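Colleague: I am new to this structure and would like a close look at a single part of it. Could you take one helix and its surroundings and walk me through them with care?

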Amino acid sequence: MPTENKQIFETLFHSANEAILIVNSGGKIIKANPAAHRIFGYSISMEGMGMELLLPKNLRGQHKKHRESFNKDPKSRAMGRDLDLLGRRDDGSVFPVEVSLSPSQVNNQPVVIAFVIDITERKKREQIELSMGRLFDQSLNELYIFSSGSLKFVRVNQAAIDNLGYSMDELLGMTPLDLKLEYSVKAFEQKLKPLREKTSKIQFETKHRRKDGSTYPIEVHLQLTTFDMKPAFMAIIMDITDRKLAEKKLKAYSQKLEARVQERTKELRESQKLYSAIARNFPEGMISVFDKDLRYVFVEGKELYAQGITSEMLMGTYYLDRLPQEVAEQTKTKLKQVFKGEALSIDIKFRGNDYVLDAVPISGDDNMIHQILVIEKNVTKRKKAEEHVKRALEHEKELSELKSRFVSTASHEFRTPLSTILSSVSLLSRYDSLDEKEKRDKHIQRIKGAVHNLTGILNDFLSLDKLESGMIEGSPTVFDFPKFIQEVCDLLTPTLKKGQYIEFQHRGDQEIFLDRQVLNNILVNLLSNSSKYSGQKPIKLLTALSDGQLSIVVEDQGIGISEDDQKHLFERFFRSKSAINIPGTGLGLNIVKKYLDLMGGTIEVNSELGKGTVFTVRLNQPEKYEKDTAD
């Protein structure tokens, strides 16, 4: 290679942002650029390392086969654009990558030059964009995206179409100004100016006009975004018709309240004694009158005495001294507005209670406002009641979703075994000669297997129902543990696949004090799972009992479970991706977990795809009741 070209290559090699790895045919790294050390987190030299060290452990064996295949037919190729490729850093963390491979030669020896890009941020952006897209399509509010240049809509959601009465094609030819007739182009551009200067978002109220000419009040939330890699604006539009009606009613109520207060103030001047008696008995609150300095002129109410304070103690004192510093200034600002003639309702929280302050101005004989009336109401009980109702509604929603999933799962899982039984019974009627015994036995076995599946599904549903309703309580008894295990194995043996058997070993004490039925349900679930997801290989069942502590290990050599799926394995209705084509309800392990929670036990899982799964259960025996020795 000419000296000039070599210098160019060295410059590119050391300054590239992508990881560049030169690997020999045996998979050893013979050269790695600085970016490779940074991306894979190696502070030491990577030269001499095997490429497999840069992959997650579960992919290394597969990668060796891919390398051998590539060496047989080396061609430049890009990998990862349509696949989820993963790299592994020196600290063990895994991240998504794109890889390009180019065959070459160094010192007349074949090598592969691998270009590796860390696409973690890209994947995050794609996920965010996907989530935003779903939110955009499913939102009940009107959503629009319009160009920052032409202001034309480039995307609108169904809620906008439904509310405005325009079609999608009509809206995509319009701008916000076609809906907001009170704005000129200049005025609207003035609204957008803060966003163009990189303000995060703006908010204002205006009106929209529908296709039929009717208008309705809206609240607009505008923010910067991108669309097709170009700057754009996204508008979230909320119909505030109900809010405006409520504000109108509130204003009318405030005016009515103000008039009522003025009327009562006049009456109170005529009969201060009656006024004080009424105020003193004001339930769960107090009535106060403040001067312009927010000092007490009058105060009475049951809440006052509930706090161990008398009206005499507060007269002439500064109201805000009673409030925490974090709410005092905000409350002061709002109460000062009332002296300008504005009635306000203020929410505050202190001493663990919630209060609502309805404040109105009191006009004097000179029609000037020198005092304000504040009705302070303790709404703590109401807030708690509202929160209770909210939680109850959320619980009801969760139960409704659970019922829907239950019906869907049950109808799907019952259909397959019932179809198998129907088909086999129909075929059995055709095999009536003695020499067709083998065929009859085959279909009889299919019927038994289908019935076993149905029984398992029903047991799962019944167990879940009893556990959810609290009908199951632990009832421990003393029994011979190895004998009990053997009975469980004998019960399950006829249901195992051809070539399967349970290899049982026990060490330690023989006698145990636990709930026999619950323990039976746990073992049947775990062993049935191992049988279902394994081939013609033995299932190991290892138990140990010592010092009141029991451990149960169920090990199979089946299809295994991925690391991601293991996180959700004990959730209700969850099915592992590796088992998606195998019948099941997704309830078995959830039920096992609930049984163990009931008995104060734990369960752990250790699994690898294609190699099998190990479940480890640990239980402590409860203290034995003293036996009654009286005959």
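Modeller: What follows is a walk along helix H7 and the strands around it, with a look at another region and at confidence afterwards.

Please keep in mind that this is a predicted model. The mean pLDDT of the protein is 79, and 77% of its residues reach 70 or more.

Helix H7 takes in residues 185-196, and at 1.5 Å a residue its 12 residues should span 16 Å, which agrees with the 15 Å that separates its end C-alpha atoms. Within H7, Phe188, Leu192 and Leu195 are buried, and because these three cover an arc of only 30° around the axis, they lie on the same side of H7. Behind this pattern is a general point: an α-helix has 3.6 residues a turn, so residues three or four places apart point the same way. On the other side of H7, by contrast, Lys186 and Gln190 are exposed. Just after the helix comes Lys198, which takes a positive phi of about 75°.

What lies over the buried residues of H7 includes strand S7 (142-147), S9, S10 and strand S11 (230-239). Of these, strand S9, residues 201-209, has a covered face made up of Ile202, Phe204, Thr206 and His208, while its uncovered face carries Lys201, Gln203, Glu205, Lys207 and Arg209. S9 pairs with strand S10, residues 215-227, in the antiparallel sense over nine bridges, and the bridge partner of Arg209 in S10 is Thr215. Five residues stand between the two strands of this hairpin, where Gly213 takes a positive phi near 95°.

For a view of another region, turn to the largest nonpolar core, which has 36 residues, and in which Leu519, Leu526, Leu541 and Leu550 touch the most other members. Among the elements that each supply at least two residues of this core are helix H16 (516-532), strand S20 (539-546) and strand S21 (549-556). Leaving aside neighbours within four places in sequence, the contacts of Leu550 include Phe481, Ile512, Leu519, Ala544 and Val617. In soluble globular proteins, nonpolar side chains tend to be buried together.

Lastly, some stretches call for caution. Over residues 411-416 the pLDDT stays under 50, and the model has nine contacts for them beyond four places in sequence. Residues 625-631 also have a pLDDT below 50, and this stretch has one contact in the model beyond near neighbours in sequence.

Technical notes: Residues are numbered from 1 along each chain as its sequence is written. This is a predicted model: local features need pLDDT of at least 70, side-chain atom pairs count only at pLDDT 80 or more; totals for chains, interfaces and linings use all residues. Side-chain values use heavy atoms; hydrogens and water are left out. Buried means under 20% relative accessible area, exposed over 50%, partly exposed in between (1.4 Å probe, protein chains only). Helices (H or I, at least four residues) and strands (E, at least two) are DSSP runs, numbered from the N terminus. Two strands pair if DSSP finds at least two bridges between them. A nonpolar core is a set of buried Ala, Val, Leu, Ile, Met, Phe, Trp, Tyr and Cys residues joined through side-chain atoms within 4.5 Å. Contact means heavy atoms within 4.5 Å. The expected span of a helix is 1.5 Å times one less than its number of residues. The arc is that of the directions from the helix axis to the C-beta atoms. pLDDT is the predictor's confidence in each residue, from 0 to 100.
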